[in-house]
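Me: Please take a close look at one part of this model, at the end of a helix. Then work outwards and tell me how the surroundings are built.

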Amino acid sequence: MAAITLKEYSEKIQHVALQKCLLNLMCRMKPMSAERQALISAMAVTLASGQATWDPYYVTAFLHDSLGDRNWVNKPNTSFISTQIIKSLGTIYPTKDMFTSCNLEIDVDFIPDGLAIASDRYPSPQAKEEIATIALNALAPWWELRADMTPMLFLRALAPLMALPDVRFNVVKRIDGWLQHVKLQRLAMQLLILVGLNYGNASDSAQEKSILARLLQMRMLKNKNVRLANFFCS
């Protein structure tokens, strides 16, 4: 009922202030009852769906939850919000055949549903730059972690951000350490595929040239799965 009311009177509601409140609640709703979580999620999705462009705070909340408790990121009730954000970031995802060829299992929430029909909620260059800055600032302290101290949730959070050159560059710098840890290896392989699929023009920057050099170097590795993942990167 609340979601229906919001939809009916959405034009008269201060969207940004209310949406920020709902997003904050979503990031902290783990102790809440299932009914209350569903209500908050429905209200947030209803308001979000009525806005052609979104406030950058959506991305802030998305990253906070991705790097935290993951209360709503990629959950069925709120997948609409996650998918629109990922679409706006521009990350290209692999096909299921690529995973099969690399003998990799696909995480249930690795490839977001509905990405092909999602809308870019940050279409302007200024908005793109702003959400990229938000993402890079959120990731900054995590890059300092040693491989053996890196949580799996960090690698999961990186996947939607692989369209950003700085993220790809930092992933390539640290991929060796992640590949050597059993708990991180599968996710690291998935990120390796994403690096290649989202790789830009090597002539554009020193970063992209460095990424290309590392990808070419990794083609010589003895690990068959790593070679296959790198093959799909090319």
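Reply: Gly 90 takes a positive phi of about 90 degrees, and sits just after H5. Helices here are DSSP runs of H or I with at least four residues, strands are runs of E with at least two, and both are numbered from the N terminus. The model is predicted: local features need pLDDT of at least 70, side-chain atom pairs count only at pLDDT 80 or more, and totals for chains, interfaces and linings use all residues. Residues are numbered from 1 along each chain as its sequence is written, and side-chain values use heavy atoms, with hydrogens and water left out.

Now the helix that Gly 90 follows. H5 covers residues 79-89, and 8 of its 11 residues are buried, so it is largely enclosed by the rest of the structure. Buried means under 20% relative accessible area, exposed means over 50%, and partly exposed is in between (1.4 Å probe, protein chains only). In H5 the buried set is Ile 81, Ser 82, Thr 83, Gln 84, Ile 85, Ile 86, Ser 88 and Leu 89.

On the other side of H5, look at the loop leading in. Arg 70 lies between H4 and H5. Its phi is near 55 degrees, a positive value in a residue other than glycine. Arg 70 counts as buried, at 15% relative accessibility.

Step back along the chain to H4, residues 57-66. The axes of H4 and H7 come within 9 Å and cross at roughly 25 degrees. Axes are lines fitted to C-alpha atoms, for helices over the stretch in contact; angles run from 0 to 180 degrees between N-to-C directions. H4 and H7 are therefore roughly parallel to each other. The classes are: under 35 degrees roughly parallel, over 145 roughly antiparallel, 65 to 115 roughly perpendicular, and the rest oblique. The crossing of H4 and H7 is right-handed. A crossing is right-handed if the near helix is turned clockwise from the far one by less than a right angle, and left-handed if anticlockwise.

Pro 56 belongs to the loop between H3 (34-49) and H4. Pro 56 is buried, with a relative accessible area of 18%. The C-alpha atoms of Pro 56 and Ile 134 are 8.2 Å apart, although 78 residues separate them along the chain.

Next, the aromatics. The whole structure holds 6 aromatic pairs. The ring centres of Trp 54 and Tyr 58 are 4.3 Å apart and their planes meet at 20 degrees, so this pair is stacked. Rings of Phe, Tyr and Trp (its six-membered ring) pair if their centres lie within 6.5 Å; planes under 30 degrees apart are stacked, over 60 edge-to-face, and the rest tilted. Trp 54 and Tyr 58 are both buried. For Trp 143 and Phe 154 the centres are 5.2 Å apart and the planes at 80 degrees, so that pair is edge-to-face. Trp 143 lies in the loop between H7 (125-139) and H8 (152-158), and Phe 154 in H8, so the pair ties together parts that are 11 residues apart in sequence. Trp 143 and Phe 154 are both buried. They form one aromatic cluster with Trp 142 and Trp 178.

Trp 178 leads to another helix pair. Its place is in H9. At 2% relative accessibility, Trp 178 is buried. Its C-alpha atom is 6.0 Å from that of Ala 188, 10 residues apart along the chain. H9 (residues 165-179) and H10 have axes that come within 10 Å and cross at roughly 150 degrees. H9 and H10 are therefore roughly antiparallel to each other. H9 passes H10 in a left-handed crossing.

H10 itself spans residues 182-197. Its 16 residues reach 24 Å from first C-alpha to last, close to the 22 Å expected at 1.5 Å a residue. That expected span is 1.5 Å times one less than the number of residues. Buried residues in H10 include Leu 184, Leu 187, Ala 188, Met 189 and Gln 190.

Last, the overall frame. The protein chain has 12 helices and 0 strands. Buried residues make up 44% of its 234 residues. The structure holds 0 disulfides, where a disulfide is a pair of cysteine sulfur atoms within 2.5 Å. Cys 21 is partly exposed, at 40% relative accessible area, whereas Cys 27 is buried, at 7%.
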